[in-house]
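Biologist: Please take a close look at the metal site in this model, and then at the charged side-chain pairs elsewhere in the chain. One connected account will do.

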Amino acid sequence: MTSDDRARALIEARQARPTAARLQVLRALLDAGRPLSHQEVQQSLELDRVTLYRVLDWLADTGIAHRINAADRITRFSVSSAPHCHAHFQCEQCGRIFCLPEGAPILPGPLPEGFVLREIEMTVKGVCADCAHQG
Ligand SMILES: [Zn+2]
Ligand SMILES: [Zn+2]
């Protein structure tokens with residue numbers, strides 16, 4: 001399946017209209033395979049800022065993508081199919097962020113009685129394979 005087909009299928013699964021802007025942005029996220037900031041998406045697309053922000057917010061609100069709020073205060077977006085229960089990895093050299101594989105929810109400890117878990121926001125820091133390779 002091409003990323004164009006995947007983008008269309010993800011949008012149609014939400015009973016939504018696959019507009020040209022939605023398809024373009026979603027395809028960029030699928031092709032990147034890692035979380036992208038507004039700026040990174042804009043670099044590869046010919047979309048005006050307002051449309052881009054609106055589409056990214058729409059993707060996050062429908063659950064097609066998820067937002068990652070990293071310590072550098074740049075919001076990034078990544079395609080997700082499952083509830084957002086995975087950690088992120090931030091490379092301290094190139095600054096890129098990666099979604100780590102979905103696993104058992106990582107909790108520092110049990111939740112107090114009666115609390116309900118909705119989302120875990122966790123960033124692991126280190127050096128990515130590309131940067132580690134460069135020495
Ligand atoms: Zn890196
Ligand atoms: Zn993620």
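Modeller: A donor here is an N, O or S atom within 2.8 Å of the metal, and water is not among the atoms, so a site may look incomplete. The model is predicted, and the distances and angles below are computed from it.

The zinc ion (ligand 2) is coordinated by three histidines through NE2, namely His66, His86 and His88, and by Cys99 through SG. These contacts fall at 2.0 to 2.3 Å. The angles among the four donor atoms run from 106 to 113°, and the site is tetrahedral. For tetrahedral sites, all angles must lie between 85 and 135 degrees. The ideal angle for four tetrahedral donors is 109.5 degrees.

Along the sequence, the donor residues of the zinc ion (ligand 2) follow the spacing H-x19-H-x1-H-x10-C. His66 belongs to strand β2 (residues 65–69) and His88 to strand β4 (residues 88–91), so this pair ties together parts that are 22 residues apart in sequence. His66 and His88 are both buried.

Turning to the charged pairs, the whole structure contains six salt bridges. One of them joins the side chains of Asp4 and Arg27, at 2.7 Å from N to O. Asp4 sits in helix α1 (residues 3–12) and Arg27 in helix α2 (residues 20–32), so the salt bridge ties together parts that are 23 residues apart in sequence. Asp4 is partly exposed, with a relative accessible area of 25%, and Arg27 is also partly exposed, at 28%.

A salt bridge also links Glu40 to Arg34, with an N to O distance of 3.5 Å. Its two residues fall into separate accessibility classes: Glu40 is partly exposed at 26%, whereas Arg34 is buried at 18%. The cut-off matters for Arg34, because buried means under 20% relative accessible area.

Arg76 and Asp72 form another such pair, at 3.0 Å from N to O. Here Arg76 is buried, with a relative accessible area of 6%, while Asp72 is partly exposed at 32%. Finally, Asp57, Asp61 and Arg67 are linked in a network of salt bridges.

Methods
Residues are numbered from 1 along each chain as its sequence is written. Chains are lettered from A and ligands numbered from 1 in the order in which they are written. This is a predicted model: local features need pLDDT of at least 70, side-chain atom pairs count only at pLDDT 80 or more; totals for chains, interfaces and linings use all residues. Side-chain values use heavy atoms; hydrogens and water are left out. Donors are N, O and S atoms within 2.8 Å of the metal (3.2 Å for Na, K and Ca); water is not among the atoms, so sites may look incomplete. Four donors count as tetrahedral if all angles lie between 85 and 135 degrees; four count as square planar and six as octahedral if opposite donors are over 155 degrees apart and all others between 65 and 115; anything else is irregular. Helices (H or I, at least four residues) and strands (E, at least two) are DSSP runs, numbered from the N terminus. Buried means under 20% relative accessible area, exposed over 50%, partly exposed in between (1.4 Å probe, protein chains only). A salt bridge is a side-chain nitrogen of Lys or Arg within 4 Å of a carboxyl oxygen of Asp or Glu.
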